Amino acid sequence: MDSTPSNPASLEEKRHTLAHLLAAAVHERFPHAKATIGPAIDNGFYYDFDFSSTDSSDGTAGHKHATPTEADLAGLEETMRELLPSWNEMLGTEVSENDARSRFAKNEYKLEIIDEVVAKGEKLTLYTAGDFTDLCRGGHAERPSKDIAKDSFVLDRIAGAYWRGNENKPMLTRIYGLAFNTKEELEAYQAQREEAKKRDHRKLGKELDLFTFSDLVGSGMPLFTPRGNIVRSSIINYSRELNNELGFGEVHTPNVNKGDLFKISGHYDQYKEGMLSVHSQYVEDEMFLKPMNCPQHTQIYASQPRSYRDLPIRYSDFAVLYRDERPGELSGLTRLRAFSQDDGHIFCREDQIEAEVESVLAAIQKALATYKIEAWMRLSLRDPQNKAKYIGEDETWNKAEEIMRTLLKEKNITFKEAEGEAAFYGPKIDIMAVDALGREWQISTVQLDFVQPSRFQLEYTAEDGAKKTPVMIHRALIGSPDRFMGILIEHYGGAFPAWLAPVQVRVLPISDKQGDYAQEVLTTLRAAGIRAEVDTASESLGKKIRDAKMQKLPYLLVVGDKEITDKTVSVESRDHGKLDASSVADFVTKISQEIKDRA
RNA sequence: GCCGAUGUAGCUCAGGGGUAGAGCAACUCCAUGGUAAGGAGUAGGUCGGCAGUUCAAUUCUGCCCAUCGGCUCCA
């Protein structure tokens, strides 16, 4: 232990210390709780407890509930604040295995940790502050009462979590806390979270009438309204345009497929649980709603003999896919049972991989720039400790991973490597988008696959007449249009740029008297292909403005007697405020350009 | 799927063993208005579903369904 406790504690050390403080508070109020693990996380800390124990010898708890609920958080927080002043020093002492075991004899979780520490040949240390001692490897604020401001943390929520993150192990109770250096930083974080809540796509999807769900249709099956479908299909059409530039040919394939297709591709073995089966009264084979497009695309490739001259062959597909996600995993548009992808597969020769991946990455960059979304790249590799999760030979994998890594390096693209994130058939370059609030989402992906082409016995005739196996590149530009729409709603806070906006212009007559002129303007706008509507309500202009602002419409055209006389419209821009009056024709020219530019 | 919470009018919510209430939205009327809510009135609900307890259940209990916060998973 460092004997000069003059170093200010880092935020991570404070958070870790607060996890201990939480455990101490829990022990006071719920003496039967078994503490397990409590680390610092990027907005605070958590600690996992097992409250299921019934062998609590002392009945001092006086608590009716064996397990705390949200209602207990305030009390626990209070206890933490009461204890904090007495935590003047947090000291570690090394102990023997036997000492450690006897101290935690009733806590099988700590015993398991002791086993691991011992197995690794590391030292066992106990840390004590106030009256509370925990098994821990260290990394705390050394003077908690001085280092930690009592108003810089708050208990946040309570949730279930599996011991060791393994769903076959016991479910523990996790208590999350938020913690920052100061009260101000904590409040700033909470305010930012409030802002995120306002932008929640599930909330905005309802308010802006973009999509809905129905118990009768089923969970995870989104119903897009006319407004929402404009956003969705605008996303798809843009991806389609980018695909065309890349030389893709769009295909159309059925939703129901024989199980054999997925047995050969390997998906049946890997994901049978995640596939929805369909039964036919005539066809005996087990059939499935397709969870992805790649196996079908192999069959289009295989429908003709292919020459090396034909390659690359590129197929794109926007089909709806179905995956039997577990109910607890569904969430708005970001996790669905029925969703599409802006999917594409490239069949090419090995010497074409680099150029193909490069052009796909360029298209992704272009799309991200259009959507004004920042992103970083992740090279997703196989987990070398768990090769059974993947199909294909070591040699193939090493080759594929090295091709991707070299390509990224040669293009001077910065990336992070992530083991265990690969697809079961090959490594991926995943594009991680960062939205307006700094949250990360995995969207696009480029995957190298040497496995499926050979399993489907795909081939082409090489220059020398020999039969060779093509390489398959799986790729998406923005991933899933449905999911991406959810991300975009939050990214823009519902204020879509004109090209994506369900309604681009609303005409607001000041009173009923200008109704005819408003209709005239509407007709002109619609003839120019602009998505426009008129607010015909018998309400004040103030009310109409308010309604339009709440709908976050890009442009409002106010028309009164003055505009009728001058043959103009008064333009109110969502992003630039009140603009000068202009002729309808001039406005049409301006907004049409903006839409065309996807500005 | 697991742990926990929630489900009341189109939306946001209040209420509570004796068949329900507000604001906004909707509809009607008045007002005809110049950049974020003009006024008045009307209508609207088997209180998520199915059972059970009870003289009586929207309220209590159980089981389902859905949603939310996490965990796990994500081809």
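Helix α17 gives the most to the surface near RNA strand B, with 6 residues. The model described here is predicted, and this report turns first to the RNA surface, then to two sheets, a helix pair and two backbone features.

## The surface near RNA strand B

RNA strand B is surrounded by 52 residues. The closest of them are Y162, P327, R335, S511 and E563. Of the RNA atoms that come within 4 Å of the protein, sugar and phosphate account for 48%. By residue class, the surface near the strand divides into 22 charged, 16 nonpolar and 14 polar residues.

Base atoms of RNA strand B also have polar partners in the protein. The table lists three of these pairs.

| Base atom of RNA strand B | Protein partner | Distance |
|---|---|---|
| nitrogen | N or O atom in the side chain of R323 | 3.5 Å |
| oxygen | N or O atom in the side chain of R335 | 2.5 Å |
| nitrogen | polar backbone atom of I510 | 2.8 Å |

Several elements give two or more residues to this surface. The strands are β7 (153–162), β8 (171–179) and β29 (570–573). The helices are α7 (201–207), α10 (267–271), α17 (541–550) and α18 (561–566). R335 appears twice in this account: the residue is among the closest to RNA strand B, and its side chain has an N or O atom 2.5 Å from a base oxygen.

## Two open sheets

One open sheet holds 3 strands in the order β4-β5-β6, with antiparallel pairing. Its edge strands, β4 (91–95) and β6 (132–135), each pair on one side only. From one strand to the next, the twist averages 30 degrees. Strand β5, which covers residues 124–129, pairs with β6 over 4 bridges in the antiparallel sense. Within these two strands, A129 stands opposite F132 of β6. Helix α4 (residues 108–119) lies across β5 and β6, and runs at about 50 degrees to β6.

Another open sheet of 3 strands has the order β12-β14-β13, and its pairing is antiparallel. Here the edge strands are β12 (256–258) and β13 (277–278), each of which pairs on one side only. Strand β14, made of residues 287–289, pairs with β13 over 2 bridges in the antiparallel sense. S277 has F288 in β14 as its bridge partner.

## A pair of helices

Two packed helices are described by the angle between their axes and the distance between the axes. For helix α8 (residues 226–246) and helix α12 (residues 353–371), the axes come within 11 Å and cross at roughly 145 degrees. The crossing of α8 and α12 is right-handed. On the α8 side, the contact is made by I235, Y238, L242, E245 and L246. On the α12 side, the residues are S359, V360, A363, K366, A367, T370 and Y371. The residues of this contact divide into 8 nonpolar, 2 polar and 2 charged.

## Two backbone features in loops

The peptide bond from L311 to P312 is cis, with omega near 0 degrees. P312 has its place in the loop between α11 (294–301) and β15 (313–317).

K552 has a positive phi of about 55 degrees, although this residue is not a glycine. K552 is found in the loop between α17 and β28 (555–559). Helix α17, on one side of that loop, is the element that gives the most to the surface near RNA strand B.

Key
Residues numbered from 1 in each chain as written. Chains lettered and ligands numbered in written order. Predicted model: local features only at pLDDT ≥ 70, side-chain atom pairs only at ≥ 80, totals over all residues. Heavy atoms only, no water. Pairing = 2+ DSSP bridges. Axes fitted to C-alpha atoms, helices over the stretch in contact; angles between N-to-C directions. Contact = heavy atoms within 4.5 Å. Near = heavy atom within 4 Å. Polar contact = N/O pair within 3.5 Å; in protein donor to acceptor, adjacent residues only side chain to side chain. Nonpolar A, V, L, I, M, F, W, Y, C, P; charged D, E, K, R; others polar. Left-handed = near helix turned anticlockwise from the far one by under 90°.
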